[in-house]
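Subject: Structure handover

Hello,

Here is the structure for you to look over. My notes on it follow below.

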Amino acid sequence: MMKFLLSAIAFFLLLNGCGDQGPVGPRGPEGPAGPSILPTSFEFEVDLNQSNDFSFVREIPSGIEVLNQDVMLVYVFEDYIEEDNLDVWRKLPLTEFNANGTLLYDFDFTRVDVRVFLEANYMLGPADEFQGLLIRAVHIPADFLNTGNFKTQALDAETFGELQQMLGSDIRKLNQN
């Protein structure tokens, strides 16, 4: 039995090890185009004050489908540089140190909404209120992140400009009426 097994293995190796590899076959037909999965941004204004407990919830527009594995980045409009015609956006969370303590501008999101809020290590009051903050949320589908080495780069982009530069013109802006 052992002799037969060794003979069979040797015969198999002998047959597989002989000769050159054959020519490469023709390329197969092109597959169907996959879905166009691009990041999408939308903007909204936020009031953070005592009457809303320094928290604002915005529904995600119906043109955006957010899945559990997707990523949302949120930016606050900080400045406009007129001579360069540039908007300056800062990524949340932001930490501010003031005379009262530490103030955190932050956000969270679900599949249906984005919440922008303030937290502090002191009691928030009228001096901490904001009216009309312009917020830009960017939905980045997980499938898009997985198509390149964007995952860590996208999450590390500190400004919306850096994110745009990294992704090129691949951020679709959702117009809302």
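I start with L48, which counts as buried because its relative accessibility is 1%, under the 20% cut-off. Please keep in mind that this is a predicted model.

L48 and D128

L48 belongs to strand β1, which covers residues 40-48. Its C-alpha atom is separated by 5.6 Å from that of E129, although the two residues are 81 apart along the chain. Neighbours within four places in sequence left aside, the contacts of L48 include F54, S55 and F56. L48 also touches V116, F117 and L118, and further along D128, E129, F130 and L133.

D128 lies in the loop between β7 (113-120) and β8 (130-140). Which side chain of opposite charge is nearest to D128? It is R115, at 16 Å, and D128 has no salt bridge even though it is buried. With neighbours within four places in sequence again left out, D128 is in contact with L48, F54, N98, L103, L118, Y122 and M123. L48, F54 and L118 are thus among the residues to click on when you look at this loop residue.

Aromatic residues

A pair of aromatic rings is described by how far apart the centres are and by the angle of the planes. The structure holds 4 aromatic pairs. In one of them, F42 and F44, the ring centres are 5.9 Å apart and the planes are at 25°, so this pair is stacked. The angle settles the class here, because planes under 30 degrees apart count as stacked. F42 is buried, with a relative accessible area of 0%. F44 also counts as buried, at 6% relative accessibility.

Y105 and F130 make up an aromatic pair that is tilted, with 5.4 Å from centre to centre and 50° between the planes. This pair links distant parts of the chain: Y105 is in strand β6 (residues 101-109) and F130 is in strand β8, 25 residues apart. How accessible is Y105? Its relative accessible area is 13%, so Y105 is buried. F130, at 23% relative accessibility, counts as partly exposed. F130 is also one of the residues that L48 touches.

F42, F44 and F56 form one aromatic cluster. F56 is another of the contacts of L48.

Charged residues

Side chains of opposite charge can pair when their charged atoms come close. How many salt bridges does a search of the whole structure find? The search finds 4 salt bridges.

One of these joins D108 and R115, whose closest N and O atoms are 2.7 Å apart. D108 counts as partly exposed, at 31% relative accessibility, and R115 counts as partly exposed at 26%. The charged end of R115 also sits over the ring of F117, 3.9 Å from the ring centre. R115 therefore takes part in a salt bridge with D108 and places its charge over F117.

R90 forms a salt bridge with E78, and their closest N and O atoms are 2.9 Å apart. This pair links distant parts of the chain, with R90 in strand β4 (residues 86-91) and E78 in strand β3 (residues 71-81), 12 residues apart. R90 counts as partly exposed at 35% relative accessibility, and E78 counts as partly exposed at 42%.

The side chains of E30 and R27 meet in a salt bridge too, at 4.0 Å from N to O. Both E30 and R27 are exposed.

The chain as a whole

The secondary structure of the protein chain comes to 4 helices and 9 strands. In what order do the elements run from the N terminus on? The order is α-β-β-β-β-β-β-β-β-α-α-α-β.

Of the 177 residues of the protein chain, 33% count as buried. Among contacts in the chain with a separation of 6 or more, 64% are between residues 24 or more positions apart. The accessible surface of the protein chain comes to about 12000 Å², and 54% of that surface belongs to carbon and sulfur atoms.

Regards

How values were computed:
Residues are numbered from 1 along each chain as its sequence is written. This is a predicted model: local features need pLDDT of at least 70, side-chain atom pairs count only at pLDDT 80 or more; totals for chains, interfaces and linings use all residues. Side-chain values use heavy atoms; hydrogens and water are left out. Helices (H or I, at least four residues) and strands (E, at least two) are DSSP runs, numbered from the N terminus. Buried means under 20% relative accessible area, exposed over 50%, partly exposed in between (1.4 Å probe, protein chains only). Contact means heavy atoms within 4.5 Å. Lys and Arg count as positive and Asp and Glu as negative; His and the chain ends are not counted. Rings of Phe, Tyr and Trp (its six-membered ring) pair if their centres lie within 6.5 Å; planes under 30 degrees apart count as stacked, over 60 as edge-to-face and the rest as tilted. A charge sits over a ring if NZ of Lys or CZ of Arg is within 6 Å of the ring centre and within 35 degrees of the ring normal. Accessible areas come from the Shrake-Rupley method with a 1.4 Å probe; for residues, only the protein chains shown count as cover.
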